[in-house]
Amino acid sequence: MNILRVENLKTYFPAPDGVFKAVDDVSFAINKGEVFGLVGESGSGKTLTALSILRLVPPPGRIAGGKVFFGLNDLMKLGEEHFRPLRGSKISMVFQEPSTALNPVFTIGEQLLEAVIAHQQSLGRHKTRDLVMHYLDRVHIQDPARVFGSYPHQLSGGTKQRVMIAMALLNMPELLILDEPTTALDVTIQAQILDLLDEIIAKEMLSILFISHDFGVIGRMCERLAVMYKGRIVEAGSAKEIFSDPKNSYTISLLESVRALA
Ligand SMILES: Nc1ncnc2c1ncn2[C@@H]1O[C@H](COP(=O)(O)OP(=O)(O)OP(=O)(O)O)[C@@H](O)[C@H]1O
Ligand SMILES: [Mg+2]
């Protein structure tokens, strides 16, 4: 059973010579409870695929076509008033740029409380705070009370990323989109965040779209994956198959470059 089915998604930007096809006829499906990888070099269209699913394409970009089924609903057809309650609750995303996702003028606590209140108004003040503290603990933040009262600039990159993961989990999403969740971090912290994600995946009934340019990370985290190149999916299948017997020449060169580094 699919939780998400993307069919012929097209996201275009105006360009001097017509249109630039950042996402060019992309199709894939994610099964319930699965971690699905989207891998490709910088600029291949991974982030824009995710932003398109959430209907957050920055103008003048636009979704030029395609369907995105979340359950039985085509998300592209929902009115914004029906879409807004899904975004950040049933479908949540950890954005690629943690610094832009957290607001520098509010404390972590204020931002996490706000994220809960946006979707669960009826919870009440104490329960909302308890929920936030529970999730800070859940992502193994050492000193949750201090982090709660801190501003983003007072925290390390790894702690900020834990906060972002907590924020994405607060409203119990069915689908979590992780866009390069470890790329901005140094190697040891990267490994710690991947361990945390492993633990969360093992415990929660989550379906995940895991985006990375790093084949090693994708291979570790994902059962199935799609390889993106210049806006298109050039190869898709089980991680095992693609690692052992890649068919597409671009996939082969990507894998060779990873193996050369290893
Ligand atoms: N706001 C924008 N205006 C114009 N072009 C854009 C915009 N955002 C992205 N693009 C272009 O669309 C293409 C796909 O971008 P996208 O951010 O989806 O790539 P990506 O695969 O996520 O890359 P990275 O690994 O660097 O994050 C790129 O060529 C990028 O330059
Ligand atoms: Mg990106």
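This passage describes the strands, helices, loops, ligand surroundings and nonpolar core of a predicted model.

Strand β7, which covers residues 175–179, has 5 of its 5 residues buried, so the strand is largely enclosed by the rest of the structure. The side chains alternate in direction: L175, I177 and D179 point one way from β7, L176 and L178 point the other way, and all are buried. Strand β6, made up of residues 91–94, runs parallel to β7 and is joined to it by 4 bridges. Within this pairing, M93 has I177 as its bridge partner in β7, and V94 has L178. Both faces of β6 are likewise covered, with I91 and M93 buried on one side and S92 and V94 buried on the other. The paired residues M93 and V94 thus belong to opposite faces of β6.

Strand β7 also pairs with strand β8 (residues 207–212), again in the parallel sense, over 5 bridges. In this pairing D179 of β7 stands opposite I211 of β8. The connection between the two strands involves helix α8 (residues 187–203), and β7, α8 and β8 together make a right-handed β-α-β unit.

The loops on either side of β7 each contain a residue with an unusual backbone setting. M172 lies in the loop between α7 (157–169) and β7. This residue has a positive phi of about 50 degrees although it is not a glycine. M172 counts as partly exposed because 13 C-beta neighbours lie inside 10 Å. E180 is found in the loop between β7 and α8 and has a positive phi of about 45 degrees, although it too is not a glycine. E180 has 21 other C-beta atoms within 10 Å and is therefore buried.

A separate description applies to the open sheet of 4 strands, in which the order is β2-β1-β4-β5 and the pairing is antiparallel. Strands β2 (18–31) and β5 (73–74) stand at the edges of this sheet; each has a single partner strand, so one side of each is left without a neighbour in the sheet. The partner of β2 is strand β1 (residues 2–15), which runs antiparallel to β2 and is joined to it by 11 bridges. One of the residue pairs in this arrangement is Y12 with K21, the latter being the bridge partner in β2.

Helix α1 is mostly covered, with 8 of its 8 residues buried. The buried residues of α1 are K46, T47, L48, T49, A50, L51, S52 and I53. Just after this helix, R55 takes a positive phi of about 55 degrees. The loop between α1 (46–53) and β4 (62–70) contains P60, and the peptide bond from P59 to P60 is cis, with omega near 5 degrees.

Helix α1 also contributes to the surroundings of ligand 1. The shell around this ligand consists of 14 residues, of which A22, S42, K46, T47 and L48 are the closest. The largest share of the shell, 3 residues, comes from α1. By residue class, the shell divides into 4 nonpolar, 9 polar and 1 charged. K46, T47 and L48, listed with the closest residues to ligand 1, are buried residues of α1.

The largest nonpolar core contains 70 residues, and A166, L209, F210 and L225 touch the most other members. Helix α7 gives the most to this core, with 6 residues. For L225, when its neighbours within four places in sequence are left aside, the contacts are F36, G37, V39, I218, A236, A239 and I242.

Helix α6 (residues 144–148) includes R146. R146 is partly exposed, because 14 other C-beta atoms lie within 10 Å. The C-alpha atoms of R146 and I108 are 9.6 Å apart in space, while the two residues are 38 residues apart in sequence.

Technical notes: Residues are numbered from 1 along each chain as its sequence is written. Chains are lettered from A and ligands numbered from 1 in the order in which they are written. This is a predicted model: local features need pLDDT of at least 70, side-chain atom pairs count only at pLDDT 80 or more; totals for chains, interfaces and linings use all residues. A residue is buried if 20 or more other C-beta atoms lie within 10 Å of its own, exposed if 12 or fewer, and partly exposed in between; C-beta atoms are placed from the backbone. Two strands pair if DSSP finds at least two bridges between them. A crossover is right-handed if, with the strands pointing away from the viewer, the path from the first strand over the helix to the second runs clockwise. A residue is near a molecule or strand if its C-beta atom, placed from the backbone, lies within 6 Å of it. Ala, Val, Leu, Ile, Met, Phe, Trp, Tyr, Cys and Pro count as nonpolar, Asp, Glu, Lys and Arg as charged, and the others, Gly among them, as polar. A nonpolar core is a set of buried Ala, Val, Leu, Ile, Met, Phe, Trp, Tyr and Cys residues joined through C-beta atoms within 7 Å. Two residues are in contact if their C-beta atoms, placed from the backbone, lie within 7 Å.
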